Amino acid sequence: MPVTAESLFGFIGRRTVSFLKNLHDAALLINNTFYWTFLSPFKGKPIRVRASISEMVKTGYNSVPIVAVISFFVGIILALQAAYQLRKVGALIYVANLVGVSITRELGPILTAIIVAGRSGSAFAAEIGSMKAAEEVDALVSMGINPVRFLVAPKLIALMIMLPALTIFSDFIGILGGLLLSKAALDINPYNYFQQTVNSLLIKDVMTGLVKAWAFGVVITVVGAYQGFKVEGGAEEVGRRTTASVVASIFLVIVFDLFFTTLFYYFT
Amino acid sequence: MEKAIEVTDLVTHYGDRVILKGISFGIPRGKTTVILGGSGCGKSTLLKHLIGLLKPTSGNILINGKDTTVMSEDEFNEVRKKMGILFQGAALLNSMTLADNVALPIREHTKLEEPTIQIMVRMKLDLVGLSGFENFYPSQLSGGMKKRAGIARAMALDPEFLFFDEPSAGLDPVTAAGLDELIIKLRNVFKMTIVVVTHELASIFTIADCVIMLDLGEVLFAGPLDGLRASDHPRIRMFLERKPEEETYSPADYFRFIAGN
Ligand SMILES: Nc1ncnc2c1ncn2[C@@H]1O[C@H](COP(=O)(O)OP(=O)(O)OP(=O)(O)O)[C@@H](O)[C@H]1O
Ligand SMILES: [Mg+2]
C-alpha cells in the first residue's frame with residue numbers, strides 16, 4: 001500500500017512539475033514572440049519584411065481558394081437551415097439577417113481559423129520542428145540570431161494580418177452563398193436580400209469577428225511555434241508534434257471564441 | 001602561451017546522465033587545438049558548451065577572460081559574433097540557397113551593401129571549392145559539400161574563433177587535405193584561434209598545435225602535439241595506433257551479457 005501511494009504521489013508530482021515546466025516554456029515563448037514582433041523593431045532590430053511577406057503569401061493568399069469554397073457552402077447551408085424554420089412563420093426574408101449575423105459574428109472567423117490552423121499551424125510546427133531536429137535552430141543561435149525573431153515573428157505578423165483579411169473575405173463569400181441560394185431556391189430578390197443584410201448588420205458585428213480573427217491568428221502562431229520548438233528527437237517526433245499543434249490550436253481557438261463571445265455578449 | 005579559452009571543472013549532464021565529469025583545460029590563442037576522443041565521449045557536447053548552446057551543470061568557461069556561463073543572452077551574442085561554428089551535421093538552413101546561407105550572418109550583423117555581400121559570399125565559397133553552387137539548395141548537395149558550405153558560413157564574418165566539428169568526415173582524401181591546408185592558412189595568415197574535433201589521424205598530425213584528448217568524460221591528455229606523440233598511456237597509444245578496444249568479455253560471458261543475465 002505505501003508503495004502504491006508513493007508511486008501515485010510521485011506520478012502526480014512528476015506530472016505537476018512537467019506541466020508547470022510546459023506552462024513556463026509557453027509563457028516564455030509568448031513573451032519572446034511579442035517582444036521580437038512589437039518592441040524590438042523600435043530598438044533597431046527590424047522585423048524581416050521579406051520573410052513576413054512570403055509567410056503572408058503562404059498562409060493567406062494560398063488559403064483563399066479553400067476558404068472561398070468552404071465559406072460559400074456554409075453560406076448555402078445556413079440559408080437552407082434558416083429557411084426551414086422561417087418558412088413556417090412566413091418570414092423568409094429574415095434568412096438574410098440570420099445568415100449575415102451568424103457568418104460575420106461567428107462562422108466567418110472560426111471557419112477561417114480552423115482552415116488556417118490545419119494548413120499553417122501544422123506547417124509552422126513541422127518547419128520549426130524539423131529545423132530543431134537538424135540543429136538548424138542551434139545554428140541560428142550560434143550565429144547570434146534569435147530564432148524567435150527569425151522564425152516566429154514573420155509568421156505572427158503574417159497571421160495577424162492575413163487571418164482578419166481572410167475573415168472579411170469569408171464573410172463576403174458566405175453572404176454571397178446565402179444570397180445565391182435565396183435567389184435560386186427561395187425566390188428572394190437578390191437586391192432585397194442585399195438590402196436586408198446591410199440593414200441587419202451592425203459595424204460591431206463585423207468588428208467583433210475581426211477581433212476574434214486577430215486573436216485566433218496569435219493563438220495558431222504561438223501553438224505551432226511552441227510545438228515546433230518542443231521537438232528534441234527526429235522525424236517521428238516532428239510528425240507527432242505537428243498533429244498535436246493542429247489539435248491544440250483548434251481546441252484553443254474554440255476556447256478563445258467562447259471567451260470573446262461571452263465578453264462581447266455582455267460588453268458591447 | 002596566452003589562453004583564449006579557459007575551461008575549469010566543467011560538469012555537464014543530459015538529464016540524469018553525466019557526460020563530462022569536471023574537465024579543465026585551456027585553448028591557446030592563435031593556435032589550432034584538436035579535440036580527440038572515442039565516439040560518444042562528449043566532444044560535440046563540449047563544443048556546444050563552448051558556444052553557449054548548452055549550459056553546464058557546474059564549472060566555468062572563460063572566453064577572452066570573461067566568464068560566459070554567467071552572461072546574459074545579449075552579452076553572449078556579442079561574443080558569438082566573433083565565433084564561427086561548423087556543426088557535425090553542417091546545419092545549413094534548408095530553406096535558403098547556399099549563397100543566402102553564407103550571407104546570413106553578414107546580413108544580420110553588418111550593414112554592408114548587397115554587392116559587397118555578394119563578393120564576400122563568392123570569396124568564401126571559392127575558398128572551400130564551391131564556386132558555381134551559389135544557387136543550389138542544401139538538399140541538392142552531397143554530405144561533403146554541405147560540410148564545406150558550413151565551413152564557408154562559419155568563416156563568413158572572419159571570426160576570431162573557429163569551431164569545427166569533424167570538418168573532414170565524409171570528404172575524399174584530396175579535399176580533406178585541401179581543408180587541412182585551409183585550416184593552417186587561417187591560423188598562419190589570419191591568426192585565428194581554431195578548435196577542431198576530428199578523428200583523422202593524418203589530419204591531426206598536420207594541423208594540430210595542441211591536443212586535448214577526452215575519454216569517459218575526463219581529460220586524458222592536454223598539451224602540445226609532441227607530448228601526445230611521446231605519451232605512453234595505453235588508451236592514447238591505442239588511439240594513435242588504431243587498435244581496437246581490448247576484449248573485455250570472454251565469449252561465454254559475452255553471451256550471458258547479451259542474453260541479459
Ligand atoms: N540531445 C541529447 N540528449 C541526450 N543525450 C545526448 C544528447 N546528445 C548527445 N547525448 C549523449 O551524450 C554523449 C556524448 O555525445 P556527443 O555527441 O557529444 O559525442 P561525440 O564525442 O561528439 O561523438 P562523435 O564522435 O560520435 O560525434 C553520447 O553518449 C550521447 O548519447
Ligand atoms: Mg560529435
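**Figure 1. Who sits around A:Ser182?** Setting aside its neighbours within four places in sequence, A:Ser182 is in contact with A:Val95, A:Asp187, A:Ile188 and A:Tyr193. This is a predicted model, as are all the close-ups that follow. The serine belongs to helix H6 of chain A, which covers residues 147–185. Is A:Ser182 buried or exposed? Its relative accessible area is 0%, so A:Ser182 is buried.

**Figure 2. A salt bridge between helices H8 and H4 of chain A.** Here A:Lys212 pairs up with A:Glu106 in a salt bridge, with 3.0 Å between the closest N and O atoms. A:Lys212 comes from helix H8 (residues 203–230) and A:Glu106 from helix H4 (residues 95–133), so the pair ties together parts of chain A that lie 106 residues apart in sequence. The two partners sit in different accessibility classes: A:Lys212 counts as buried at 2% relative accessibility, while A:Glu106 is partly exposed at 24%. For the wider picture, the salt bridges over all chains come to 24.

**Figure 3. A salt bridge within helix H9 of chain A.** The side chains of A:Glu237 and A:Arg241 meet at 3.6 Å, N to O, in a salt bridge. Why are A:Glu237 and A:Arg241 separated by about one helical turn? They are 4 residues apart in helix H9 (residues 235–267), and that spacing puts about one helical turn between them. As for burial, A:Glu237 has 9% relative accessibility and counts as buried, because the cut-off for that label is under 20%.

**Figure 4. A salt-bridge network in chain A.** Which residues make up this network of salt bridges? The linked residues are A:Glu55, A:Lys58, A:Glu127 and A:Lys155. In general, side chains of opposite charge can pair when their charged atoms come close.

**Figure 5. Two loops of chain B joined by a salt bridge.** Moving over to chain B, the side chains of B:Glu160 and B:Arg29 meet in a salt bridge, 3.4 Å from N to O. This pair links distant parts of the chain, 131 residues apart: B:Glu160 is in the loop between helix H5 (143–154) and strand S7 (161–165), and B:Arg29 is in the loop between S2 and strand S3 (32–37). Both residues count as partly exposed, B:Glu160 at 30% relative accessibility and B:Arg29 at 29%.

**Figure 6. The magnesium ion and its protein donors.** What does the protein offer the magnesium ion (ligand 2)? Its protein donors are B:Ser44, through OG, and B:Gln88, through OE1, at 1.9 to 2.2 Å from the ion. B:Ser44 lies in helix H1 and B:Gln88 in the loop between strand S6 (83–86) and helix H3 (98–109), so the pair ties together parts of chain B that are 44 residues apart in sequence. B:Ser44 is partly exposed at 23% relative accessibility, and B:Gln88 is partly exposed too, at 36%.

**Figure 7. An open sheet in chain B, with helix H1 lying across some of its strands.** The sheet has 4 strands in the order S2-S1-S4-S5, with antiparallel pairing. At the edges are strand S2 (17–28) and strand S5 (66–67), each pairing on one side only. Strand S4 (residues 58–63) and S5 of chain B pair in the antiparallel sense over 2 bridges, and B:Ile63 stands opposite B:Lys66 in S5. Helix H1 (residues 43–50) lies across strand S1 (3–14), S2 and S4 of chain B, at about 120° to S1.

Key
Residues numbered from 1 in each chain as written. Chains lettered and ligands numbered in written order. Predicted model: local features only at pLDDT ≥ 70, side-chain atom pairs only at ≥ 80, totals over all residues. Heavy atoms only, no water. Pairing = 2+ DSSP bridges. Contact = heavy atoms within 4.5 Å. Axes fitted to C-alpha atoms, helices over the stretch in contact; angles between N-to-C directions. Salt bridge = Lys/Arg side-chain N within 4 Å of Asp/Glu carboxyl O. Buried < 20%, exposed > 50% of the residue type's maximum accessible area, 1.4 Å probe, protein only. Donors = N, O, S within 2.8 Å, 3.2 Å for Na, K, Ca; no water.
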